[in-house]
Amino acid sequence: MLIVQGVALAMAMVTADAPTASASSKEQRVAAAYQQFEKQRHVEAALEFEALWRDFKEPRFLFNAAVTRYTARHYAHAVAYLNEYLALAEVKGADRDEAKAQLEVARREVSSVQVRVQADGAAEAPKVTARWVSELASDLRPNLPVPVSPSGAAQSGVIQLDPGTWVLRAEAPGAEPAETQIKVTAGAPLTAELALKPLPPETGPEGQPTPQPDKPFDGRKVGLATIAVGGGLAIVGAVITGVAQGKEFGPALKTDASQCATWPDLQTCSAELRAGATLRGAGAGVLGAGVGLIGSGAVWYARSERTRKIAWYVETGVGAAAVIGGIVGLVISANSFNEVNATTPATWAELQTGVKGPATIFTATSAVAGLGAGLVAGAGLGLGLSRGRSSQYAKALRIGGGPGRGALGLTLTGRF
């Protein structure tokens with residue numbers, strides 16, 4: 001019965017002070033808070049009165065915050081606000097008596113929690129708060145401060161909390177924050193322990209490593225590496241081309257006609273020609289790619305970034321055109337070579353004469369396609385790195401021969 005009387009008394013005090021009308025921002029906020037209360041939106045009303053108390057420090061707002069928290073069954077907040085309200089010197093007479101009566105009613109709904117904090121290494125007294133753990137998003141309750149004072153080697157204090165789950169948090173300068181979760185039961189006092197530990201030296205305000213300034217990006221090293229890779233490819237390509245010409249295609253082309261007189265022998269001689277031409281074309285492609293990388297790598301040594309970008313854009317365009325043109329030339333020359341090489345009936349003398357031109361064009365266009373691929377890859381890398389990000393141009397570039405024994409071809413695969 002006392003609880004009902006206390007609530008009724010508090011509600012009367014809230015509605016008695018309700019403003020009729022006002023144009024000021026403060027009074028508009030007050031009117032909005034009363035409207036929330038009248039609509040039984042107690043949490044919303046409490047939030048409004050709490051904000052009014054923070055902004056204007058008028059005791060009526062603090063009392064009304066306590067009342068609306070009580071009606072929302074947030075008894076711990078009602079107790080905390082009423083204790084703060086009674087500590088105000090301007091609260092006297094009937095207001096004080098009414099607040100005491102309301103506090104007596106609210107205290108019956110909470111349990112006392114003894115909080116002890118070991119604050120080893122803390123430079124100042126710890127700050128302790130209690131946070132309600134809610135299962136509902138709409139159950140909004142601000143953290144409650146836990147008053148603590150020295151008690152022997154620790155800091156100790158008492159707070160009244162609603163039954164349910166709470167998280168106690170202690171923090172102080174120079175120490176790592178500490179938290180503990182507690183389960184408050186109605187009518188059962190509880191003791192909670194927290195221990196603050198000093199911050200490790202490497203993470204404290206002192207002793208942190210001085211951040212080193214970023215080193216400027218040196219593109220010449222990238223250019224040197226690109227040139228080195230291009231030079232290596234060019235050497236490998238030149239060796240493959242030379243070996244293919246001197247050991248494969250050249251000797252096969254000079255084979256004596258008597259060794260290729262019959263149709264089976266002619267097919268064997270033809271296959272040796274195709275293998276030699278394919279290997280020579282592959283070597284020429286690798287050689288061209290190496291030369292293209294050398295050309296794009298040399299651009300890194302230009303003084304102006306604008307000049308470098310323009311040069312790379314030009315190289316990209318020229319390289320793309322070379323790749324396209326080279327591939328077209330490869331297809332045409334390969335078809336011509338295969339047409340001559342596969343025509344029946346044919347003699348070795350006719351084959352020797354007919355394949356020279358297509359094989360030469362095949363090698364030249366292989367070199368052009370490789371040159372274009374190297375230019376595009378190197379220029380794309382330069383443009384990507386100059387914009388502050390790694391580039392994936394020319395990744396997985398591969399050069400290979402045509403499939404099977406019946407045709408001559410060169411494949412260039414990659415991602416640009």
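Here are a few worked exercises on the structure above.

The model is predicted, so local features need pLDDT of at least 70 and side-chain atom pairs count only at pLDDT 80 or more, while totals for chains, interfaces and linings use all residues. Residues are numbered from 1 along each chain as its sequence is written, and side-chain values use heavy atoms, with hydrogens and water left out.

**Exercise 1. Take stock of the protein chain: how many helices and strands are there, and what share of the residues counts as buried?**

Step 1. The protein chain has ten helices and eleven strands. These are DSSP runs, numbered from the N terminus: H or I of at least four residues for helices, E of at least two for strands.

Step 2. Of its 416 residues, 41% count as buried. Buried means under 20% relative accessible area, exposed over 50% and partly exposed in between (1.4 Å probe, protein chains only).

Step 3. Now the contacts, meaning heavy atoms within 4.5 Å. Among those between residues at least 6 apart in sequence, 65% join residues at least 24 apart.

**Exercise 2. Work out how α2 and α3 pack: what is the angle, and which residues make the contact?**

Step 1. Two packed helices are described by the angle between their axes and the distance between the axes. Axes are lines fitted to C-alpha atoms, for helices over the stretch in contact, and angles run from 0 to 180 degrees between N-to-C directions.

Step 2. The α2 and α3 axes cross at roughly 155° and come within 7 Å. That is why α2 and α3 are roughly antiparallel to each other. (Under 35 degrees counts as roughly parallel, over 145 as roughly antiparallel, 65 to 115 as roughly perpendicular and the rest as oblique.)

Step 3. On the α2 side, the contact includes Arg29, Val30 and Phe37; on the α3 side, Phe49, Leu52 and Phe56 are among the residues involved.

**Exercise 3. Do the same for α8 and α10: how far apart are their axes?**

Step 1. Helix α8 (residues 263-298) and helix α10 (residues 348-386) have axes 6 Å apart, at an angle of about 25°. That makes the two helices, α8 and α10, roughly parallel.

Step 2. Sort the contact residues of α8 with α10 by class, and you get 18 nonpolar, 13 polar and one charged. (Ala, Val, Leu, Ile, Met, Phe, Trp, Tyr, Cys and Pro count as nonpolar, Asp, Glu, Lys and Arg as charged, and the others, Gly among them, as polar.)

**Exercise 4. Find the largest nonpolar core: which residues have the most contacts inside it?**

Step 1. A nonpolar core is a set of buried Ala, Val, Leu, Ile, Met, Phe, Trp, Tyr and Cys residues joined through side-chain atoms within 4.5 Å. The largest has 27 residues, and Phe49 and Tyr85 have the most contacts inside it.

Step 2. Helices α2, α3, α4, α5 and α6 each supply at least two residues of this core.

Step 3. Beyond its neighbours within four places in sequence, Tyr85 is in contact with Pro59, Leu62, Phe63, Val91, Asp95 and Ala99.

Step 4. There's also a second, separate core of 22 residues, which includes Val113 and Leu168.

**Exercise 5. Place Arg69 and Gln155: is each buried or exposed?**

Step 1. Arg69 is in helix α4. Its relative accessible area is 0%, so Arg69 is buried.

Step 2. Setting aside residues up to four places away in sequence, Arg69 touches Glu50, His74, Tyr81 and Leu140, among others.

Step 3. Gln155 sits in strand β5 (residues 154-161). Gln155 counts as buried because its relative accessibility is 14%.
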